Amino acid sequence: MQIARVIGSVVSTSKSDRLTGLKLLVVRNIDLDTMQEKGAPLIAIDAVGAGEGEVVMLCAGSSSRMTEITKDKPADCTITAIIDYIDIEHKRVFDKGGGEP
């Protein structure tokens, strides 16, 4: 699993029938040591109702097809959780509520 930030969305009117009705979001991975975005953006299917700016957990590869909405879909990256906070070594490094990390 990976941690990423939602940075945008994708709209596609012409696509595989198996993708119809699925929300597609643009995400960028987050480095847990620095909590900074890193790497190239990815497209992920949203299985949990995430929105732009939220920090989310991703599953990739065959695990991305393990949610109810992605089963038997052509998915390689799925948002499986919206992160409320992250603690590493007894220190809060991210808090969705805006509290100081």
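How far apart are the mean positions of the positive and negative charges of the protein? The mean positions of its 12 positive and 15 negative charges lie 6 Å apart, with Lys and Arg taken as positive, Asp and Glu as negative, and His and the chain ends left uncounted; each charge is placed at NZ of Lys, CZ of Arg, CG of Asp or CD of Glu. The model is a predicted one, in which local features need pLDDT of at least 70 and side-chain atom pairs count only at pLDDT 80 or more, while totals for chains, interfaces and linings use all residues. Residues are numbered from 1 along each chain as its sequence is written, and side-chain values use heavy atoms, without hydrogens or water.

The protein contains 0 helices and 8 strands (DSSP runs, H or I of at least four residues for helices and E of at least two for strands, numbered from the N terminus). Its C-alpha trace spans about 45 × 25 × 25 Å along the principal axes.

Turning to the interior, 33% of the 101 residues are buried (under 20% relative accessible area, 1.4 Å probe, protein chains only). The largest nonpolar core (buried Ala, Val, Leu, Ile, Met, Phe, Trp, Tyr and Cys residues joined through side-chain atoms within 4.5 Å) has 10 residues, among them Val-6, Val-27, Leu-58 and Ile-79. Strands E1 (2–10), E2 (24–31), E5 (55–60) and E6 (77–82) each give two or more residues to this core. A second, separate core of 7 residues includes Ile-3, Ile-30, Ile-83 and Phe-94.

Notes: Buried means under 20% relative accessible area, exposed over 50%, partly exposed in between (1.4 Å probe, protein chains only).
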